[in-house]
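Welcome! Take a moment to look over the structure shown here, and then we will walk through its ligand shell and two of its helices together.

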Amino acid sequence: MINVDWRKELTQGSWAIRGECLIDEPLKNLNSWRVGGPADLLVRPLDVEDVHTVFAFIRHHRVPWRVLGGGSNLLIADKGVRGLVIQLSDMNRISQSGACQLTVGAGCPLSHLVQEAVRLGYAGFESLAGIPGTVGGAVAGNAGALGQQIADCLQSALVAENAAVERWVCDEFHFGYRSSAIGDKHMVLEVVFACERSEPELLREKVAAAREHRCQAHAVIGATAGSVFKNPPETQAWKLIDQCGLRGKSIGDAQVSEQHTNFIVNRGSATADEIAQLMALVQQTVMDQTGVCLSPEVHKMGDFDELLSRPDKHLLWDEERR
Ligand SMILES: Cc1cc2nc3c(=O)[nH]c(=O)nc-3n(C[C@H](O)[C@H](O)[C@H](O)COP(=O)(O)OP(=O)(O)OC[C@H]3O[C@@H](n4cnc5c(N)ncnc54)[C@H](O)[C@@H]3O)c2cc1C
C-alpha cells in the first residue's frame, strides 16, 4: 500500500511536475460506465518533460501505473487502482506538421481531431465521428467504424515504454481488429497522421452520414462502454448474445441493453463487479450454447482478481487466452 508522503513527492517534493497530481482521486466520473473506485494518484503531465519525470519517479518508487484516456472502453475496479493513473488530457494539441500531416497529442479528444481534419479538408477520419474517447485510446484499441479505422492514416507515434520514449512507425503497431501492440507497459504520447486532401464540404457530408448511422444503430440509453465483446470471425457478438436469450438480462443495476445486446448499461447504481459478473455470464452462456468464446473489447483497470477467480464467475480476458 502506498503511503501519503510518498505520493506528495510528485506534487511538491523533488519530483514535482508542472501538471496536476491528485491523491485518492475518484475515477467514477472519468469513465463512461460511471463505476470504479479512486486512483491512489491521478497524474496529468503537461508535456513530454513531465512524462520523463513521472517515469523517473515510478522507477525510483517501483510503483505500478496505467494510462487512462477518455475512459470510454474501460472497466475500472470498485476498489480503484493502486499506484499511478496517468491521464494525458493536457497533452492534446493538434498541429499541421507538413503536407497533409497532422501531429496530435494523445490526450486530444477523437471528436476534436475529426472536426479539425474536416475543417482543414483532410480525409480519413470521417467515419470515426461520434466515437468517444481520446486519440491515444483510439490508437491503443485501433478504434474504427464503417470500415474506417484510426490505423488507416497513422504514420508514426511517440511511444513511452517505461523510461524510454521512441518513435514507432505504423508497422510496429501490428494493428488488427480492435487491437494493437500497445500494451499495459506502453503509453502513446503523440501521433502523426498522414492524410489525403479532400473538399471540406464532402467530408462534412460523410461525417453527417456516420453520425446518422450511429444514431440508428447505437441508440442506447444509459451509461455504457460501447460494444463489450469483439465480433468473432464471420458473425456478430450481438447476434450470438441475442440468440442465447440474454437481451435485458441483468445483475444488480448492470443490464444487457434491450436496444443493442452487445452493450451493457449501468442503469444507475451498478458496480464494476456486477458488470464483470454479467460479462462472465454472457461469455459462459454463449460458450455453452454456441461454442464461441467471446473476447472482451473493453479493457480492465484495477484489481478484479478476487471476483474473477471464482469458478462460477470466471471471465476470460485476452491476456489469459494467449
Ligand atoms: C457509446 C459508445 C460508442 C462507441 N463506439 C465505438 C465504435 O464505433 N468503434 C470503436 O472502435 N469503439 C467504440 N467505442 C469504444 C471507445 O470509445 C473506443 O475504444 C475509444 O477509442 C477508447 O478511447 P479512450 O480514450 O476512451 O480509452 P480508455 O477507455 O480510457 O482506455 C482504453 C484502453 O486504452 C488504453 N489507453 C488509453 N490511452 C492510452 C494512451 N495514450 N497510450 C496507451 N494506452 C492508452 C487504456 O490504458 C486502456 O487499456 C464506443 C464507446 C461508447 C461509450
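## Around the ligand

In this predicted model, the shell around the ligand draws at least two residues from each of β3 (65-68), α4 (135-141), β9 (144-145) and β13 (186-194). The largest share, five residues, comes from α4. Altogether, 33 residues surround the ligand, and the closest are Gly69, Gly133, Gly136, Gly137 and Gly226. Sorted by class, the shell has 15 nonpolar residues, 17 polar residues and one charged residue. Where does the ligand shell lie with respect to domain 1 and domain 2? Both domain 1 (4-87) and domain 2 (94-216) contribute residues to the shell, so it lies between them.

## Two helices to explore

Let us turn to helix α3 (residues 110-120), whose buried residues are Leu110, Leu113, Val114, Ala117 and Val118. Viewed down the axis of α3, these buried residues fall within an arc of 130°, so they line one face of the helix. Their cover includes β6 (94-98), β7 (101-105), β8 (122-123), α4 and α5 (200-217).

Now for helix α7 (residues 272-290). With 19 residues at 1.5 Å a residue, α7 should span 27 Å, and its end C-alpha atoms are indeed 27 Å apart, so the two values agree. The buried residues of α7 include Ala272, Ile275, Leu278, Val282 and Val286, and also Asp273 and Glu274.

Each of these helices is followed by a glycine with a positive phi:

| Helix | Glycine after the helix | Phi |
|---|---|---|
| α3 | glycine 121 | positive, near 75° |
| α7 | glycine 291 | positive, about 80° |

Conventions: Residues are numbered from 1 along each chain as its sequence is written. This is a predicted model: local features need pLDDT of at least 70, side-chain atom pairs count only at pLDDT 80 or more; totals for chains, interfaces and linings use all residues. Helices (H or I, at least four residues) and strands (E, at least two) are DSSP runs, numbered from the N terminus. The expected span of a helix is 1.5 Å times one less than its number of residues. A residue is buried if 20 or more other C-beta atoms lie within 10 Å of its own, exposed if 12 or fewer, and partly exposed in between; C-beta atoms are placed from the backbone. A residue is near a molecule or strand if its C-beta atom, placed from the backbone, lies within 6 Å of it. Ala, Val, Leu, Ile, Met, Phe, Trp, Tyr, Cys and Pro count as nonpolar, Asp, Glu, Lys and Arg as charged, and the others, Gly among them, as polar. Domain bounds come from an automatic or database domain assignment. The arc is that of the directions from the helix axis to the C-beta atoms. Two residues are in contact if their C-beta atoms, placed from the backbone, lie within 7 Å.
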